[in-house]
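The following exercises concern the protein shown below. Each consists of a task and a worked solution.

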Amino acid sequence: MQDSQQNLHRGLEERHINLMALGAAIGVGLFLGSAKAIQMAGPAIMISYALGGFAIFLIMRALGEMAIHDPVAGSFSRYAQNYLGPLAGYLTGWNYWFLWIVTCMAEITAVGVYMGVWFPGVSSWVWALSALVIMGSVNFIAVKAYGEFEFWFALIKIVTIVLMIISSLGMILFGFGNGGVATGIAHLWQHGGFMPNGVQGILMSMQMVMFAYLGVEMIGLTAGEAKNPRKTLARAVDSVFWRILIFYVGALFVVMSIYPWNEIGAQGSPFVMTFEKMGIPAAAGLINFVVLTAALSSCNSGIFSTGRMLYNLAQQEQALPMFAKVGKNGVPNAAVLISVVMLLGGVLLNYLAPEEVFTWLTAISTFGAIWTWVIILLSQLKFRQTLSRSEVAALACRMPFFPYGSYIALAFLVLVVGLMAYFPDTRIALLVGPGWLLLLIVLYYALGYHRKPVSLPTARARSAPSPPAPPARTPCA
């Protein structure tokens with residue numbers, strides 16, 4: 001097989017990775033889903049996002065250790081294969097593929113809803129199909145085209161949130177847009193207190209909070225196509241915690257300082273309300289455009305992720321060999337195509353499904369993400385056991401408080417699963433998710449994958465040796 005048919009192209013530049021890392025943690029879950037989460041926990045929702053954000057920070061550090069040491073396209077599926085065994089790699093790869101298929105179905109459904117604001121006479125499935133065709137086409141061009149779209153999608157979201165936070169602080173401190181009367185932050189403890197629904201409110205919101213963080217681990221999948229993975233991935237991983245504090249906790253802090261928390265969900269998106277308060281015309285249209293780009297970004301990322309995961313599974317001989325072929329454009333075309341075809345099911349759901357399906361899809365996606373995060377942490381624990389003391393000291397990005405940081409993150413994820421089982425709205429995910437994994441296990445043995453020994457070289461073994469990093473300085477603090 002020729003090289004062009006085997007290897008992905010390293011076409012993602014540092015600016016692509018940096019903005020993708022920022023944009024991955026900012027999605028529809030913040031712009032729209034935060035209103036429902038606020039109703040559950042009140043101002044204490046900031047605690048929920050901070051707790052979830054700290055767990056995600058630990059998970060990304062665990063992934064960063066392995067991804068910078070061995071930057072391959074399959075990322076956590078390949079690490080599960082190498083450190084936990086072929087079955088774990090198989091389950092993780094196919095589970096992540098399914099996760100993004102389901103998530104993309106939810107996102108293209110959302111595209112239809114957002115476009116309906118401007119064009120109420122057009123059926124939502126038309127917009128869902130259009131979004132799928134456009135984003136699918138982008139992924140067939142080249143990985144750099146995907147990177148450019150994600151760069152601009154992320155920039156739109158980031159600029160919007162930064163402008164909202166700055167202008168809101170002006171209103172809180174100096175009364176800008178409020179007749180010169182500073183609003184202060186008293187709303188954070190009025191109207192029932194800071195925790196109006198107690199600890200239960202915080203716990204109830206955790207599933208939605210963790211769904212908002214879904215996608216941050218996708219940065220690992222870019223490792224096989226990043227031009228300088230050691231530098232760019234380390235910087236992206238290291239900035240996760242600060243991104244979450246600024247964009248989630250910061251944004252919700254200013255919103256709930258300006259408005260009583262119990263009025264936010266009743267009047268639509270908190271972001272629309274805030275921009276309208278500042279006297280910005282067409283605020284609803286502006287935020288609708290931003291959440292539309294967020295949904296398109298998620299769809300774009302989903303097609304990218306599913307294609308690369310199928311490519312990796314085929315390399316591990318756990319999917320059809322045709323999915324391991326790469327075209328002259330550096331894209332695994334067959335893997336991307338089958339993923340786009342599967343997403344047509346989302347267009348059908350958009351045409352037929354009741355409103356409850358969107359809630360179900362988000363819950364199932366959250367379960368799939370939790371499985372992925374658990375596998376990342378378990379793989380990292382086993383990965384550390386393969387390293388000598390000098391190799392650990394040379395790691396460019398290390399898990400803080402190891403091994404306790406890994407155990408804390410694992411315990412938190414177990415708690416979230418328990419909460420999903422406790423609340424009826426999310427319980428379906430614990431039926432569909434394990435059911436899907438059971439089906440995968442049956443297929444694993446029925447198709448004879450357990451009899452295929454897989455020996456895959458690491459990225460470092462395949463490529464020319466990289467110059468060693470300066471020992472006194474590490475990219476991740």
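**Exercise 1. Identify the residues of the largest nonpolar core that touch the most other members, and the helix that gives the core its largest share.**

Solution. The largest nonpolar core holds 140 residues, and those touching the most other members are I45, Y49, I56, M210, M256 and W373. Helix α7 (residues 86-118) supplies the largest share of this core, 16 residues. A nonpolar core is here a set of buried Ala, Val, Leu, Ile, Met, Phe, Trp, Tyr and Cys residues joined through side-chain atoms within 4.5 Å. Buried means under 20% relative accessible area, exposed means over 50%, and partly exposed lies in between (1.4 Å probe, protein chains only). Helices (H or I, at least four residues) and strands (E, at least two) are DSSP runs, numbered from the N terminus.

The model is predicted: local features need pLDDT of at least 70 and side-chain atom pairs count only at pLDDT 80 or more, while totals for chains, interfaces and linings use all residues. Residues are numbered from 1 along each chain as its sequence is written, and side-chain values use heavy atoms, with hydrogens and water left out.

**Exercise 2. Characterise the protein as a whole by its helices and strands, its buried residues and its contacts.**

Solution. Begin with secondary structure: the protein has 21 helices and zero strands. Next, take burial: of the 477 residues, 56% are buried. Then turn to contacts (heavy atoms within 4.5 Å). Among contacts with a separation of 6 or more, 82% are between residues 24 or more positions apart.

**Exercise 3. Which residues does W373 touch, and which does L252 contact, beyond four places in sequence?**

Solution. For W373, the list is I56, I59, M210, Y213, L214, E217 and L413. For L252, begin with its location, helix α12 (residues 240-258). L252 counts as buried because its relative accessibility is 1%. Its contacts outside the four-place window are S34, I38, I45, M46 and Y49. Of these partners, Y49 lies 203 residues from L252 along the chain, yet their C-alpha atoms are separated by 9.5 Å.

**Exercise 4. Classify the aromatic pairs Y49 with Y213 and Y444 with Y445.**

Solution. A pair of aromatic rings is described by the distance of the centres and the angle of the planes. Rings of Phe, Tyr and Trp (its six-membered ring) pair if their centres lie within 6.5 Å; planes under 30 degrees apart count as stacked, over 60 as edge-to-face and the rest as tilted. A search of the whole structure yields 16 such pairs.

In one of them, Y49 and Y213 are 6.1 Å apart centre to centre with 90° between the planes, an edge-to-face arrangement. This pair links distant parts of the chain, since Y49 belongs to helix α5 (residues 45-69) and Y213 to helix α10 (residues 198-213), 164 residues apart. Both Y49 and Y213 are buried.

The ring centres of Y444 and Y445 are 5.1 Å apart and the planes stand at 90°, so this pair is edge-to-face. Y444 is buried at a relative accessible area of 4%, whereas Y445, at 43%, is partly exposed. Together with Y90 and Y449, Y444 and Y445 form one aromatic cluster.

**Exercise 5. Check the span of helices α15 and α9, and state which residue follows each.**

Solution. The expected span is 1.5 Å times one less than the number of residues. Helix α15 (residues 283-315) has 33 residues and should span 48 Å; its end C-alpha atoms are 48 Å apart, so the values agree. Of those 33 residues, 28 are buried. Helix α9 (residues 143-174) has 32 residues and should span 46 Å, which agrees with the 46 Å between its end C-alpha atoms. E317 follows α15 with a positive phi near 60°, and G175, just after α9, has a positive phi of about 80°.

**Exercise 6. Where in the chain are H191, E317 and P403, and what is noted of their backbone?**

Solution. Most residues other than glycine have a negative phi, and most peptide bonds are trans. H191, in the loop between α9 and α10, has a positive phi near 60° and is partly exposed at 34% relative accessibility. E317 lies in the loop between α15 and α16 (333-352); its relative accessible area is 42%, so E317 is partly exposed. P403 is in the loop between α18 (389-393) and α19 (404-422), and the peptide bond from F402 to P403 is cis, with omega near 0°.
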